[in-house]
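Welcome! Please take a look at the sequence and the 3D structure below, and keep both at hand for the exercises.

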Amino acid sequence: MSRMDETISAKKEKRAQLEKLNVPVHPYSFNKQKTIAQTREMMDKKVETAGRIMSIRAHGKVVFMDLQDSTENIQVMVRESEVDDNKFSWLKTLVDRGDYLGVIGSIVTTKTGETTILATDFEFLSKALRPLPTAWNTAESKEARFRKRYLDMLINPESKRILDARWLIEKEMRRFLQDEHDFVEVETPILQPLYGGTNATPFSTHMNALDTDFYLRIAPELYLKRLIVGGYDKVFEIARNFRNEGIDQTHQPEFTMVEWYETYADYHKMMDVAEDLVKHLVKKLYGELKIKVGEKEIDISIKWERLRMEEALKKFVNIDFNSLSDDEVQELLKKNNLKLKTQYSRGKALFELFDNLVTPHLIDPIWIIDYPRDISPLSKQHRKNPELAERFEAYIGGKELADGWSEIVDPIDQRNIFEKEQKNMRQGDTEAHPLDEDFIEAMEHGMPPLGGIGMGIDRLVMFLTNTWSIKEVIAFPTMKPLTARIEKETLSNNILTGIEGIDNAVISKFPEMAYAQVIIKNVEIKKSNKNLEKRKAEIIEQFQDITTEKIGEMNSIQAYRKLFKETGTDWHKKRPSPEALLRRISQGKSLYNINTAIDAYNLAVVETGIGLGGFDADKLDLPVSLRFAADGEEMLLLGDDKVTTTKKGQLIYSDAKKPITIDLNYRDINQTKLTKKTTNIALYADGGPGISESEVLDALKKGAKYIMEFCGGNMGDITLYNQNGKKNIESSTPNSKPTNAVSNNTVELPTRDKSAELLKKYIKDESLINHSEMVALSMQAYAKKLGENEELWYHTGLLHDLDWEMFPDEHPKKALSEWLRDYPQEMLDAIAAHAPGRTGKSPQSTLDKYLFACDEICGFMNAVSIMRPTAYEGMKPKSIKKKLKTKAFAANVSREDITQGLELIDKSADEHFSFLIEVFNSK
């Protein structure tokens, strides 16, 4: 039983004892008359309040508690002489931190000056079955804080302060617009038949009731404008929006905006109102018109400057855009590694240069106005310059705060702009604005002069609270689930999908059956690659003498044909993939030209004669099994227009929900199609009776090698499935670097000085540098003891937390993908495996395991050494073990990881700790 299980069991036992004493463990209500904040002001008065117990400590005949509600906390003192004896007994023995209690008493001040409720009675209100964490605001717990935000709010006052500020900002925003400017708050649809209102990539969904695809709202703009057509003069909406784009420090796919529209107003009036709103909010939050952005205090009470975009380019980066020719502009883009999403225009180039070069300089509040019209499809043409739009954006701290404009009210003008956007869409711009005929028809009924603005509330809260991570200002930020949700379904013939491996019925009929699988993450798939085309030509030349007779004589082809015959499949009509590809070569045809991923692994299919299949791993509901089909299971095969239904006994791969291939080579388009949007590939190699497991593994490794050569990516460990179940095989095939797709298995280690420079470039915190050096020394010492590569182990330990300080949310992926690309893959794999909850890669190699085992314990031992006047000298393993039992000591260090580390390297605590003490003593 785990430690957590033991804790829960103990709390359940206490609950049972309370019930035996007839104490209601979850009563229906309590007469809470005052909040704790109000209670604290009622000195010498009787109070009746309630909250959660945040700490409880007994001292003989007195019990002290800290009680907390949403407003404040307060100490409670319960004397045995003041309350019922039985109540005092169960309070002292059966009540824990995290439980809820109602308290009646009077407010006093203790000798230490602390405001306290002296209880005369109390009621038990709720029993918590899980313990509360003792510390939740440490950097090491950041990801856990966001996943269990309810605990973060409870334990971390700073998190609650930020969220409280958010709710106040939204409340005051409503009051300002409604009470001071007479706006009407409205609601518009989230599910929309056509997305619009900005340039963004939408989420799509399907509505069964109407059998129609819909989009999640990317902006409320076009519906708010329909309300203007309907007769409203001033409207606003605080809207949840959804954009299927990236996640970073300032962007989330689900976010909140406020948009408001005012008739008879232009963009100057909209800026006036928005500026006053921000000042109103700052005044409500802080009582003055100053905010901090980073370490800089900014006075927002002044009138904000209004600067044209081309003027900003000249003022901040000394580029006189209007004096440049198109050739010079394009050269400037190239010099700064900037690319336009669609064909070149001066307006798009101007914005690209501004957005990348100027915005970091926009710290003080500023309005950037008069944007290029070809990037502002909903903005009105500038009254003086037809190349520009009357559009503005507010910037503070280098980030955009608000976006608005004088609105287009001419339906003919709007149609022309939408049609230009359609052209951009056809040229590949995924963010181009669609043509909304219904909206144009609404405009044709007449619209008055109109001004509009949109303001991201998440980002506004970031500015106003000086919090530079969007996840901190959202109560429940979007995060990737830790594990894929697996649903098991029973089919008509009682075959259960969701098994992992080969179904028993298949094993019974084909005892030699085996297949292998590997996940390749972070690939970059393209339409073609010159080196790949060259490799295809070489392989075609290598097999140019192949004939259909020779193909039929190949061992693997004979094995597949025999397998097909046994399952009732005509191999003349449905050929295994190696036979199909080899026959193309024998007929003088080229190999397929699909994309770099499929074309790459097809090279291995031809060379090995073993069938391979690549799946979009993110579309699979893992695990995948190899089983016989039931009658009537449906698949839409690649290249087919009609759904195929299976016949009982056909051989299929199936994920936890449905079939994904039939007869090894024929694949469901919805589940398997690899496209340029695919980032993670599940690659499978097909075995069969007469095909050895080593042939299957060699083919899989070769296929993965080719994918990574031409698509980049990081390869996980290979899993082989056979009649004995599954076994993990540590991959000997080198991974490639994600960006340039060059294998680095022979990469030489940089010098220690180079690694030390890298460490100090990205880490400024001396304690984190010290921790990294401690892990490096421990890894070097273990490498020497085990006969491993001391330099490799040292560098791995030194750089394992390289991105932790600057990019804690992306650790360790940021360092792996960008900063450590010149280091050996063994090292990158170990760094990935030391954070399995973030990367999905568990420790497998000896290097992986020892890094995991040294990381947490080094941090803990450092904390112990700080408490000792002689540091590591004279330190004993038993003192470390004793401190480990004290949960409040170095609470951010995971005891579970330390225990797991000991298991990974198969050492006792005494053995591991003694070795490290010796290492650090000789430091």
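Three exercises follow, each with a worked solution.

This is a predicted model, in which local features need pLDDT of at least 70, side-chain atom pairs count only at pLDDT 80 or more, and totals for chains, interfaces and linings use all residues. Residues are numbered from 1 along each chain as its sequence is written, and side-chain values use heavy atoms, with hydrogens and water left out.

**Exercise 1: two cysteines and their helix**

Find out why C854 is not bonded to the closest cysteine sulfur, and whether helix 29 is enclosed or open.

Step 1. A disulfide is a pair of cysteine sulfur atoms within 2.5 Å. The closest cysteine sulfur to that of C854 belongs to C858 and lies 5.4 Å away, so it is too far for a bond. Searching the whole structure gives 0 disulfides.

Step 2. Check accessibility, where buried means under 20% relative accessible area, exposed over 50%, and partly exposed in between (1.4 Å probe, protein chains only). C854 is buried at 0%, and C858 is buried with 0% too.

Step 3. Now turn to helix 29, residues 846–866. Helices (H or I, at least four residues) and strands (E, at least two) are DSSP runs, numbered from the N terminus. Of the 21 residues in helix 29, 16 are buried, so this helix is largely enclosed by the rest of the structure.

**Exercise 2: strand 25 and its partners**

Work out which strands pair with strand 25 and which of its residues are buried.

Step 1. Two strands pair if DSSP finds at least two bridges between them. Strand 22 (residues 625–628) runs antiparallel to strand 25, with 4 bridges; F628 has L651 as its bridge partner.

Step 2. Strand 26 (residues 659–662) is also antiparallel to strand 25, through 3 bridges. Here S654 is partnered by P659, and a hairpin of 4 residues joins the two strands.

Step 3. Look at both faces of strand 25: L651 and Y653 are buried on one side, I652 and S654 on the other.

**Exercise 3: a barrel and a helix**

Describe the barrel and find which strands helix 3 touches.

Step 1. The closed barrel has 5 strands in the order 1-2-3-5-4, with mixed pairing.

Step 2. Within the barrel, strand 2 (residues 62–68) and strand 3 (residues 73–79) are antiparallel over 7 bridges. One bridge pair is D66 with Q75.

Step 3. Contact means heavy atoms within 4.5 Å. Helix 3 (residues 85–94) packs on the sheet and touches strand 1, strand 2, strand 3, strand 4 and strand 5.

How values were computed
The expected span of a helix is 1.5 Å times one less than its number of residues. Axes are lines fitted to C-alpha atoms, for helices over the stretch in contact, and angles run from 0 to 180 degrees between N-to-C directions.
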